[in-house]
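User: I would like to learn how the words used for a protein model are justified by its values. Could we go through some of them slowly, setting each value against its cut-off?
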Amino acid sequence: MLTVNKLSKSFGIRTGISAKQDFFAVHEVNFHLKKGVCLGLVGESGCGKSTLAKMLVGLLPKSGGEILYKGRPVEENFYNPYALQMIFQDPFSSLNPRICVGKSIGEPLKINKNKAQKISRKALREAVENILEEVGLEKEYYFRYPHEFSGGQRQRIAIARAIITKPELLVCDESVSALDASHQAQVLNLLLDLKEKYDLTYLFISHNLQVISFMCDEIMVMYAGEIVEQAPRKALFENPLHPYTKALIASAPYVGKPRQELVLQGEMPSLLQRRLGCAFASRCPSAQKRCLEEKPCLSGSADHKAACHFIG
Ligand SMILES: Nc1ncnc2c1ncn2[C@@H]1O[C@H](COP(=O)(O)OP(=O)(O)OP(=O)(O)O)[C@@H](O)[C@H]1O
Ligand SMILES: [Mg+2]
């Protein structure tokens with residue numbers, strides 16, 4: 001369904017009165033997303049997950065590489081533009097506080113139709129009421145405003161707005177990270193039910209490994225703008241190859257789990273510094289001279305790859 005080749009995004013930021021510096025927030029990312037699969041993207045804050053997601057749905061222009069949707073560049077706009085939808089991290093800021101939720105949910109359907117296919121007010125209202133019930137809300141909530149809902153309910157509204165145009169691919173950017181554990185579980189189950197019902201494909205972004213392991217069939221691990229490991233869920237959790245993935249799995253909290261043995265020191269390196277070698281070398285417990293001088297490429301078997309010189 002979606003093929004991404006060497007996709008990059010660079011931002012230019014001011015570093016002085018007239019000085020400007022470019023840096024890569026996403027650097028040469030490659031992946032392939034098959035229909036019906038839930039592909040997870042995990043990585044720490046600032047590694048480029050949202051930037052990648054926004055490029056995929058067309059909210060940010062790319063700086064390099066290509067995005068192929070069903071084999072053709074997305075720029076050709078050959079497909080229904082509403083086939084790709086996104087659910088954002090913060091449901092409160094993604095909803096207009098001055099518009100009642102019924103209108104917010106119906107908006108994409110209204111602008112989706114060209115003049116010849118104009119949707120009547122009655123049909124629009126019915127479609128919104130149906131979708132409200134679909135996501136587990138009352139249809140009487142139509143005239144309520146975003147501040148009159150709980151966080152979990154607001155996320156359901158955001159989901160309703162994303163699926164009302166019957167998309168094929170949903171990009172969920174940290175869609176449950178603002179919710180407490182019980183609401184998280186409810187919203188994740190709702191997303192799984194909708195996946196079955198509408199035959200959806202997901203790119204599911206999260207920094208929470210437990211959420212990723214619950215939802216995803218395949219997982220990509222991102223570090224400093226690059227994909228460092230790609231594998232099916234079972235392989236990634238049972239046999240992580242990259243030292244960063246190992247540290248991420250070791251740091252995931254579980255009730256009753258003994259204190260972790262592998263603790264990463266320091267923080268992700270500044271994206272502004274250009275590096276010769278591996279981005280993870282500064283924090284890697286097994287880094288060697290080669291790691292500082294030579295950039296590792298994704299290698300390994302066809303379905304389990306990692307970017308590390310020493311995966312063997
Ligand atoms: N419009 C922008 N201009 C300049 N830099 C940006 C812009 N948007 C994002 N960045 C930078 O790009 C990097 C990646 O940001 P991004 O929002 O993609 O991270 P993220 O992985 O989604 O983090 P989080 O988990 O906290 O949401 C960060 O260093 C950020 O400061
Ligand atoms: Mg983000």
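User: Why is D199 called partly exposed?

Analyst: This is a predicted model, and in it D199 has a relative accessible area of 44%. Buried means under 20% and exposed means over 50%, with partly exposed in between, so a residue at 44%, such as D199, is partly exposed.

User: Where is D199 found, and what is its phi?

Analyst: D199 is in the loop that runs between α5 (181–198) and β8 (201–206). Its phi is positive, about 55°, although D199 is not a glycine.

User: What makes A224 buried or exposed?

Analyst: The relative accessible area of A224 is 3%, and because the cut-off for a buried residue is under 20%, A224 counts as buried. A224 lies in the loop between β9 (218–223) and β10 (226–232), and its phi, near 50°, is a positive value in a residue other than glycine.

User: Why does S18 count as exposed?

Analyst: S18 has 75% relative accessibility, and since exposed means over 50%, S18 counts as exposed. S18 belongs to the loop between β1 and β2; from its C-alpha to that of A123 the distance is 55 Å in space, and the two residues are 105 apart in sequence.

User: How do you know that the span of helix α3 agrees with what is expected?

Analyst: Helix α3 (residues 121–134) has 14 residues, and at 1.5 Å a residue it should span 20 Å; its end C-alpha atoms are 20 Å apart, so the two values agree. After α3 comes G136, which has a positive phi near 85°.

User: Which residues of α3 are buried, and how do you know where they lie around the helix?

Analyst: The buried residues of α3 are L124, V128, E129, I131 and L132. Seen down the axis of α3, these residues fall within an arc of 165°, and therefore they line one face of the helix.

User: What is the span of α5, and which of its residues are buried?

Analyst: From its first C-alpha to its last, α5 reaches 26 Å with its 18 residues, which is close to the 26 Å expected at 1.5 Å a residue. Its buried residues are Q184, V187, L188, L190, L191, L194 and K195. They cover an arc of only 155° around the axis, so they are on the same side of α5. The face turned away from that buried side carries the exposed residues D193, E196 and K197.

User: How many residues surround ligand 1, and which element gives the most to its shell?

Analyst: Ligand 1 is surrounded by 15 residues, of which the closest are S45, G46, K49, S50 and T51. α1 gives the most to the shell, with three residues, while β1 (2–14), β2 (20–33) and α1 (49–56) each supply at least two. By kind, the shell divides into six nonpolar, six polar and three charged residues.

User: What makes the pair formed by T51 and ligand 1 a polar contact?

Analyst: An N or O atom in the side chain of T51 is 2.6 Å from an oxygen atom of ligand 1, and because a polar contact is a pair of N or O atoms within 3.5 Å, this pair is one. A polar backbone atom of G46 is 2.8 Å from an oxygen atom of ligand 1, and for a backbone N or O atom of C47 the distance to a ligand oxygen atom is 3.2 Å. Taken alone, ligand 1 exposes 640 Å², and the protein buries 63% of that.

How values were computed:
Residues are numbered from 1 along each chain as its sequence is written. Chains are lettered from A and ligands numbered from 1 in the order in which they are written. This is a predicted model: local features need pLDDT of at least 70, side-chain atom pairs count only at pLDDT 80 or more; totals for chains, interfaces and linings use all residues. Side-chain values use heavy atoms; hydrogens and water are left out. Helices (H or I, at least four residues) and strands (E, at least two) are DSSP runs, numbered from the N terminus. The expected span of a helix is 1.5 Å times one less than its number of residues. Buried means under 20% relative accessible area, exposed over 50%, partly exposed in between (1.4 Å probe, protein chains only). The arc is that of the directions from the helix axis to the C-beta atoms. A residue is near a molecule or strand if one of its heavy atoms lies within 4 Å of it. A polar contact is a pair of N or O atoms within 3.5 Å; within protein, one must be able to donate a hydrogen and the other to accept it, and residues adjacent in sequence count only if both atoms are side-chain atoms. Accessible areas come from the Shrake-Rupley method with a 1.4 Å probe; for residues, only the protein chains shown count as cover. Ala, Val, Leu, Ile, Met, Phe, Trp, Tyr, Cys and Pro count as nonpolar, Asp, Glu, Lys and Arg as charged, and the others, Gly among them, as polar.
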